[in-house]
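Okay, thanks for squeezing me in. I'll put the structure up and then walk you through a few spots in it.

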Amino acid sequence: MKKKLLSLMLAGAMVATVFAGCSSSTGADKATEGDAAAATEEAAGEEESVALMGASDDDHTLTVAAWDANFNIPALQAAEAAYQQKDPDFKLKIQEVSASSDVENAVTLAGASGDYSQLTDIVLFQDHYINKYMTDYPDAWQALTVDADWKGFSDDKLSYSTFDGKHYGMPVDNGASIFAYRTDVLEQAGYTVDDFTGITWEKWLEQAKVVKEKTGYALLSMDHNGDDLPYMMMQAEGQSQWKDGKPNLVGNDTFKSIIEVIVQGAQDGTIILANDWSEYTDSTIIGDQVAGVFNGNWIIATMKQNKDASGKWAITTIPTLSGKEGYAANGGSSLYITSNSKHADLASDFLAYTFGGGDGAIATYDAALTNGGVISCYGPAGESDLYNAPDEFFGGVAANAQIVEMGTHVPAVEQNDYHYPLREKVGALITNVINGNDIDSEIQSAQEQMEFEMDQ
């Protein structure tokens with residue numbers, strides 16, 4: 001591994017997830033045997049590593065490392081209870097770490113030293129991170145030995161955890177993106193949510209401008225310090241910012257058009273590009289500056305903090321350049337079996353029986369939703385009575401079932417280890433174009449910067 005990039009990766013990992021769904025990172029090259037020891041020493045100097053508890057020696061017990069006591073941990077506890085219906089002696093020892101970066105750093109240090117003995121049987125890993133770690137440390141993982149109901153998951157979700165035709169991860173939470181609108185604000189401007197369903201971005205900009213003029217509300221906001229809009233908008237088109245492992249910005253008419261939409265919205269005041277996460281959540285969403293929210297469905301927890309808006313929101317699909325209904329995802333995580341586990345068959349059966357659509361799936365996902373707010377990415381789970389219960393915040397519709405169904409339509413697009421570095425460069429591109437720079441020149445510059453960084 002080139003040590004400079006390992007340091008950058010670990011520094012990026014220190015920017016921990018505010019919650020399970022959203023995070024940022026930087027790219028890093030693969031470690032080589034020659035500098036493994038130096039990489040370990042340098043990594044340790046970057047950030048104190050959290051030691052994982054190691055794997056279980058008991059035939060009925062598994063260890064797992066995960067973060068977030070209010071989200072992921074209840075989901076794992078739900079799975080443990082469900083699997084105990086099959087094996088009453090089963091125990092899941094959960095090691096709660098403070099953030100996803102603790103797991104990433106543990107794998108990095110183990111891989112750099114070639115010693116995986118401290119890793120737990122299972123680790124929770126964020127979807128946008130796993131490709132890099134699977135590539136850099138292939139010896140850290142074991143493929144699942146028990147099949148699951150893979151047809152119940154979207155191609156997008158499985159694309160993160162499938163390598164060389166083998167399933168290495170079990171999807172857990174649903175990162176499907178929602179586009180939610182304040183129905184009362186739209187009504188003031190003479191619209192309904194149907195007027196924003198299945199429309200082009202050009203039409204959206206026109207109507208958003210009317211909403212702004214008549215109500216004072218912007219219709220969308222995003223944390224521009226970690227801007228996920230371009231990625232989600234591209235995925236809704238069924239496209240990626242990558243092609244054959246290289247950045248695909250120059251000459252990409254779809255990408256250019258999407259940047260033009262964002263720039264125009266920012267200039268019109270219909271899209272607010274917040275300076276940081278706090279401004280995005282606290283000021284624009286909770287602070288009631290926007291009548292539209294577009295992000296992974298985990299953003300609903302933030303939306304619900306504005307209690308005055310309860311009952312006034314409705315969820316629909318994403319506009320596209322052509323006007324077809326768009327689907328995307330942002331965030332989410334999956335569970336992976338480490339090479340340190342002596343009980344890969346038990347771990348595989350546990351994951352398949354619970355999160356993977358086995359006999360314990362409905363009980364697992366119902367309890368995970370009730371206790372942790374985790375929305376299933378396994379399609380059939382959305383058919384349960386709990387998922388179809390009315391959500392008063394969204395006007396009494398079964399929002400959870402709606403989100404699960406939307407998640408099944410998310411297209412798989414090419415992913416890359418440098419997802420987050422490219423996001424930074426595209427964000428800077430947008431800022432520069434808003435400030436008057438030529439869009440083609442900025443696109444060229446962003447691509448060249450990304451290519452240069454990847455070559456280092």
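Let's start with strand E8, residues 177-182, which is joined to E13 by five bridges, the two running antiparallel. If you want a residue pair to look for, serine 177 in E8 has glycine 296 as its bridge partner in E13. On to the next strand: E8 is also joined to E14, by four bridges, and that pairing runs antiparallel too. There, tyrosine 181 has alanine 314 as its bridge partner.

Put those together and you get an open sheet of three strands, in the order E13-E8-E14, with antiparallel pairing. So which strands are at the edges? Those are E13, residues 292-296, and E14, residues 313-316; each has a single partner strand, so one side of each has no neighbour in the sheet. On average, neighbouring strands here are turned by 25° against each other, ignoring direction.

Before I go on, a word on how far to trust this. What you're seeing is a predicted model. The protein chain has a mean pLDDT of 90, with 89% of its residues at 70 or more. Residues 1-47 are another story: pLDDT is below 50 there, although in the model that stretch has 112 contacts beyond near neighbours in sequence.

Now back to E14. Trp313 and Ile315 point one way from the strand, Ala314 and Thr316 point the other way, and all of them are buried. That's the textbook pattern: in a regular strand, side chains alternate between the two faces of the sheet.

What lies across E8 and E14? That's helix H15, residues 399-407, running at about 20° to E14. One residue to pick out in H15 is glutamine 402. Is glutamine 402 buried or partly exposed? Its relative accessibility is 27%, so glutamine 402 counts as partly exposed. Leaving out residues up to four places away in sequence, glutamine 402 touches Ile315, Thr316 and Val397. Also, the C-alpha atoms of glutamine 402 and glycine 382 are separated by 8.0 Å, with their positions 20 residues apart along the chain.

Next, the aromatics. How many aromatic pairs does the structure hold? The count is 24. Take tyrosine 83 and phenylalanine 90: that pair is edge-to-face, 4.8 Å centre to centre, with 70° between the planes. Both tyrosine 83 and phenylalanine 90 are buried. Then there's tyrosine 129 with tyrosine 420, a tilted pair at 5.4 Å centre to centre and 45° between the planes. Why mention that one? Tyrosine 129 is in helix H5 and tyrosine 420 is in helix H16, residues 419-434, so the pair ties together parts that are 291 residues apart in sequence. Tyrosine 129 and tyrosine 420 are both buried as well. And there's a cluster linked by ring pairs, made of Phe179, Tyr181, Tyr191, Phe196, Trp201, Trp204 and Phe294. You've met Tyr181 already, as the bridge partner of alanine 314.

Let's stay with those two helices for a minute. H5, residues 127-136, is mostly covered, with eight of its 10 residues buried. Among the buried ones are Asp127, His128, Lys132 and Asp136. Over in H16, we have histidine 419. With 8% relative accessibility, histidine 419 counts as buried. What does histidine 419 contact, beyond neighbours within four places in sequence? The answer is His128, Tyr231 and Trp242. His128 is one of the buried residues of H5.

There's one more strand pair to show you. E9, residues 220-223, is joined to E12, residues 271-274, by four bridges, and this time they run parallel. Serine 221 stands opposite isoleucine 272 in E12. From E9, Leu220 and Met222 point one way, Ser221 and Asp223 the other, and all are buried.

Last bit, the whole chain. The secondary structure comes to 17 helices and 15 strands. Of 456 residues, 61% count as buried. The chain exposes about 17,400 Å², and carbon and sulfur atoms supply 44% of that. And if you take contacts between residues at least 6 apart in sequence, 76% of them join residues at least 24 apart. That's me done, happy to take questions.

Note on methods: Residues are numbered from 1 along each chain as its sequence is written. This is a predicted model: local features need pLDDT of at least 70, side-chain atom pairs count only at pLDDT 80 or more; totals for chains, interfaces and linings use all residues. Side-chain values use heavy atoms; hydrogens and water are left out. Two strands pair if DSSP finds at least two bridges between them. Axes are lines fitted to C-alpha atoms, for helices over the stretch in contact, and angles run from 0 to 180 degrees between N-to-C directions. Contact means heavy atoms within 4.5 Å. Buried means under 20% relative accessible area, exposed over 50%, partly exposed in between (1.4 Å probe, protein chains only). pLDDT is the predictor's confidence in each residue, from 0 to 100. Rings of Phe, Tyr and Trp (its six-membered ring) pair if their centres lie within 6.5 Å; planes under 30 degrees apart count as stacked, over 60 as edge-to-face and the rest as tilted. Accessible areas come from the Shrake-Rupley method with a 1.4 Å probe; for residues, only the protein chains shown count as cover.
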